[in-house]
Amino acid sequence: MLMTGDGGRPWLSVLIPVYNVATYLRECVESVLVQADRGVEILLLDDGSTDGSERIAAHLQTHWPQQITLLRHADNQGLSAARNSLMAAARGRYLWFLDSDDFLLPGAIGQLRACIQSHAPELVLCDFQMWRARPRLKHRLRGESHRRSFAGPARQLAHDRVQLLRGLMLTGQMHAWSKIASRTLWQRSGLQFPRGAYYEDMATMPRLALAARSFAYVPEPWVAYRQREGSILSSTSLVKASDLASALLAFSADYQGHVAHDGVLRNAELEFAIAHLATRNFLGAMRAFSGLPPDQRRENPQVPEQFLAYYQTISPLAPRALLRAYLRRGWWLRYWKVRGWLQTMKAL
């Protein structure tokens, strides 16, 4: 059954920012085309590419003009700006962001369509696959062919925001491409991706989930997340470390505001999950800072204290309370790792 939105609008917009991905772009777009019905539109936005990606995008649009729309930024403005422009141009009832070096797995759109037809949730969550050109045994043993993005109820419509937030925080998988949201949810939240910041998904998706009134989780890998050199996560810098440490600050402010008006969100399990993710971000930022050249660390001696201040602002649990919660759950490795870092920071 073909679905459309109001007035015959597409039921789904797949939004693909494009920047210097000539090697991967065709595979990405064709993975959508091969399974898209006439109710699916594909929007590409070239963000000032210099490697021929724009020519590939134009070629694809010429061959599939009914389904592909090509937008352009005159110069490179970054992933967040590209996503925001795509969102503004999209006409679909649901919006699905897809990175142009990744691709959809077979059946993804059909399963999404079935979920929406059955439940019409504001937010749909899916799993993903880590895709490597040369997977090794250790990658298979890690379960990279099917990575979970959510810890909670599956294949049903749910309205419990505590359940939604807790399930997202426990896995820590905040990428935008594993979350398909309705246009009404984006509009009601008033959110956009933060321009000029790294870890834009971590800064945005928890806030979007906080605004969601309903959700459904389909525990199937729909996206192949390509592992390649040169990605944002493959290198470190002081700016990246700082953006990671502060990524949840806006969510924390939103959450505290909701708690003040909604006693349901004052939940011990949810507070633990938020504290756990805040701790993961803090440790990641500290490891990144520790990996900087010695001269950069000497020039920025205040950074660890700044990161600790961010952490203490975000986490609903004090460090000792979090460590006790780890022990109650039997998370011994996590306990010792966090305890060591906090002792190093003299936070205990």
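**Exercise 1.** Which residues is leucine 123 in contact with, leaving aside its neighbours within four places in sequence?

*Solution.* First, the ground rules. This is a predicted model: local features need pLDDT of at least 70, side-chain atom pairs count only at pLDDT 80 or more, and totals for chains, interfaces and linings use all residues. Residues are numbered from 1 along each chain as its sequence is written, and side-chain values use heavy atoms, without hydrogens and water.

Next, apply the cut-off: contact means heavy atoms within 4.5 Å. Leucine 123 then touches Leu164, Lys179, Ile180, Ala181, Leu185, Leu208, Ala209, Ala212, Ser214, Phe215 and Ala216.

**Exercise 2.** Place Leu123 in the largest nonpolar core.

*Solution.* Start with the term. A nonpolar core is a set of buried Ala, Val, Leu, Ile, Met, Phe, Trp, Tyr and Cys residues joined through side-chain atoms within 4.5 Å. Buried means under 20% relative accessible area, exposed over 50%, partly exposed in between (1.4 Å probe, protein chains only). The largest core has 73 residues; Leu123, Leu164, Trp186, Phe282 and Phe307 touch the most other members. Its largest share, 13 residues, comes from helix H11 (residues 268–290). Helices (H or I, at least four residues) and strands (E, at least two) are DSSP runs, numbered from the N terminus. Another core, of 40 residues, lies apart and includes Leu12 and Trp177.

**Exercise 3.** Is histidine 276 buried or exposed?

*Solution.* Locate histidine 276 in helix H11. Its relative accessible area is 5%, so histidine 276 is buried. Beyond its neighbours within four places in sequence, its contacts include Met169, Tyr326 and Arg334.
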